[in-house]
Amino acid sequence: MKKLISFLAIIALFSCNESQKAKDIVSINLENFQAGKILLSEIGNDIKYIPFENQFPIGTIYSYKITNNFIYAAIKDVGVVRFSKNGKSSSQFGKIGRGPSEYVSYSRFAVDHQNGCVYVLDRKTDNINVYNKDGEYTQDIKLPVDEDGFGFDDIGFLSSSIFLAQYINMGRGEYDWLILDSIGNRITGKLNPYHEFNGRMGGMSTLSEFNGDILYWDNFKDTVFHIHPDFTYSPLCVLLKGKHKFPMTTEGYNPPDEFFKHASNYMILYTVLETNQSILLQYELNRIQKLALIDKESGTATVTDLTDSINGIINDIDNGLPFLPEKYFEIGNEKYLTTFIQPFELKKNVASNEFKNATPKYPEKKKELVQLANSLNENDNPVLMLVKLKE
């Protein structure tokens, strides 16, 4: 059984940071989303493309990080690799295996921007493998094992410390999140506020960052939180799902086929990203993938379906592929949303009559995109697309 949660911990969940005024919290009502087109020029004013070299084939990219000088990626069947800013690989951090300095699971990792150390979360062995900036193994940190048998789902780096988000399944798990120092000593954490329940939906959370904070959420919460560098936390937004919120019980949904009959009515939230002006949500509802752009000041939201014909934000900057933002990064003084695109898709788009006949907002960027597409082979490794955000 999960440890009993103290009364003070529950109070902390709702009080969060008392200095955070209610008017600063964005209220997002799923029922008020308005279907419409989202134009890339509404949020960005420039695009940069970085082709990745073909030193080895890059298939699935589990996760990636961008610092001022490097791009780091966890790549299926390869491991965690560092690339230069022009897409050339420079270092590998550990390798796949069960020996010392190796990892079995490596889809999530964190980077210390100050010294270049890489922390690879191995959920199979309950370890964090630590490597220095040159890719040399330095130590492993043994993760605390939860008595319910559920481990940590994601990792970040905050104030020279390791931030861990726990996988919450049917209310089971000791922590929402836990913070360790760089050698594994426990600093602080937030206890899991849920009581255990019997359900048919596992937890899910994916960390993102904004202005030095970590954004934390999971599919059972109504609230997205900012975790600050001093380890306090405050709410960014409240997401009102209404009838689309997953029930924290199986009551009324037994046998299992009855639950799955209704499952498409529930919102599954995959990604939460924040910019200076907006909050972006990628989610699934009624078996349709959707992308919503919410204005932080007004709370108004525009949502578009992610179909084969419209797979994201319409790229009216250079008429390239529709943009489906995956990550938010701050690189130097600039802010970006990013995604990876495949060369064969880019070449197909540039060869289409629709592309040739369209007039983008920046015609010179269209010419640059044609040059890039012509320089690529359709079987080349993916291209990183960075959209520079408006201030």
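**Entry 1: L40 and the cores**

I started with L40 in this predicted model. Setting aside neighbours within four places in sequence, I found L40 in contact with I47, I313, I314, N315, D316, I317, F323, M385 and V387. I then looked up the core around it: L40 belongs to the largest nonpolar core, which has 51 residues. L40 is listed there with F33, I279, L281, Y283, I294 and L346 as the residues with the most contacts inside this core. Which strand gives the core its largest share? I noted strand β23, residues 278-285, with 5 residues. Apart from this core lies another one, of 18 residues, and I wrote down I58, A73, I75 and V78 as being among them.

**Entry 2: aromatic rings**

Next I searched the whole structure for aromatic pairs and got 17. I picked F210 and Y328 for a closer look: their ring centres are 5.4 Å apart and their planes stand at 50 degrees. Why is this pair called tilted? Planes under 30 degrees apart would count as stacked and over 60 as edge-to-face, so 50 degrees leaves the pair as tilted.

I also checked where the two partners sit. F210 is in strand β18 (residues 208-210) and Y328 is in strand β26 (residues 327-331), so the pair ties together parts that are 118 residues apart in sequence. Are these two residues buried or exposed? F210 is buried, at 5% relative accessible area, and Y328 is buried too, at 7%.

There is a cluster to remember as well: F52, F56, Y64, F83, F329 and F340 form one aromatic group.

**Entry 3: charges over rings**

I looked for charged side chains over ring faces and noted two cases. R82 lies over the face of F70, at 4.4 Å from the ring centre. K366 lies over the face of F355, at 4.8 Å from the ring centre.

**Entry 4: D153**

I found D153 in strand β14. I wanted to know whether an acidic residue here was buried or exposed, and D153 came out as buried, with 13% relative accessibility. The cut-off for buried is under 20%, so 13% falls inside it. Which side chain does the side chain of D153 meet in a polar contact? My note says R123, at 2.8 Å. R123 also turns up in the contact list of D153, which I made without neighbours within four places in sequence: R108, L121, R123, A165, Q166, Y167 and S205.

**Entry 5: V145**

From D153 I moved to V145, in the loop between β13 (137-142) and β14 (152-158). V145 is exposed, because its relative accessible area of 61% is over the 50% cut-off. I also noted its spacing from D126: 19 residues in sequence, and 7.4 Å in space from C-alpha to C-alpha.

**Entry 6: two positive phi values**

My last check was on backbone angles. Most residues other than glycine have a negative phi, so I kept an eye out for exceptions. N211 has a phi near 50 degrees, a positive value, and N286 has one near 55 degrees, also positive.

Where do these two asparagines sit? N211 is in the loop between β18 and β19 (213-216). N286 is in the loop between β23 and β24 (288-295). I looked up their exposure too: N211 is partly exposed at 43% relative accessibility, and N286 is partly exposed at 39%.

Note on methods:
Residues are numbered from 1 along each chain as its sequence is written. This is a predicted model: local features need pLDDT of at least 70, side-chain atom pairs count only at pLDDT 80 or more; totals for chains, interfaces and linings use all residues. Side-chain values use heavy atoms; hydrogens and water are left out. Helices (H or I, at least four residues) and strands (E, at least two) are DSSP runs, numbered from the N terminus. Buried means under 20% relative accessible area, exposed over 50%, partly exposed in between (1.4 Å probe, protein chains only). Rings of Phe, Tyr and Trp (its six-membered ring) pair if their centres lie within 6.5 Å; planes under 30 degrees apart count as stacked, over 60 as edge-to-face and the rest as tilted. A charge sits over a ring if NZ of Lys or CZ of Arg is within 6 Å of the ring centre and within 35 degrees of the ring normal. A polar contact is a pair of N or O atoms within 3.5 Å; within protein, one must be able to donate a hydrogen and the other to accept it, and residues adjacent in sequence count only if both atoms are side-chain atoms. Contact means heavy atoms within 4.5 Å. A nonpolar core is a set of buried Ala, Val, Leu, Ile, Met, Phe, Trp, Tyr and Cys residues joined through side-chain atoms within 4.5 Å.
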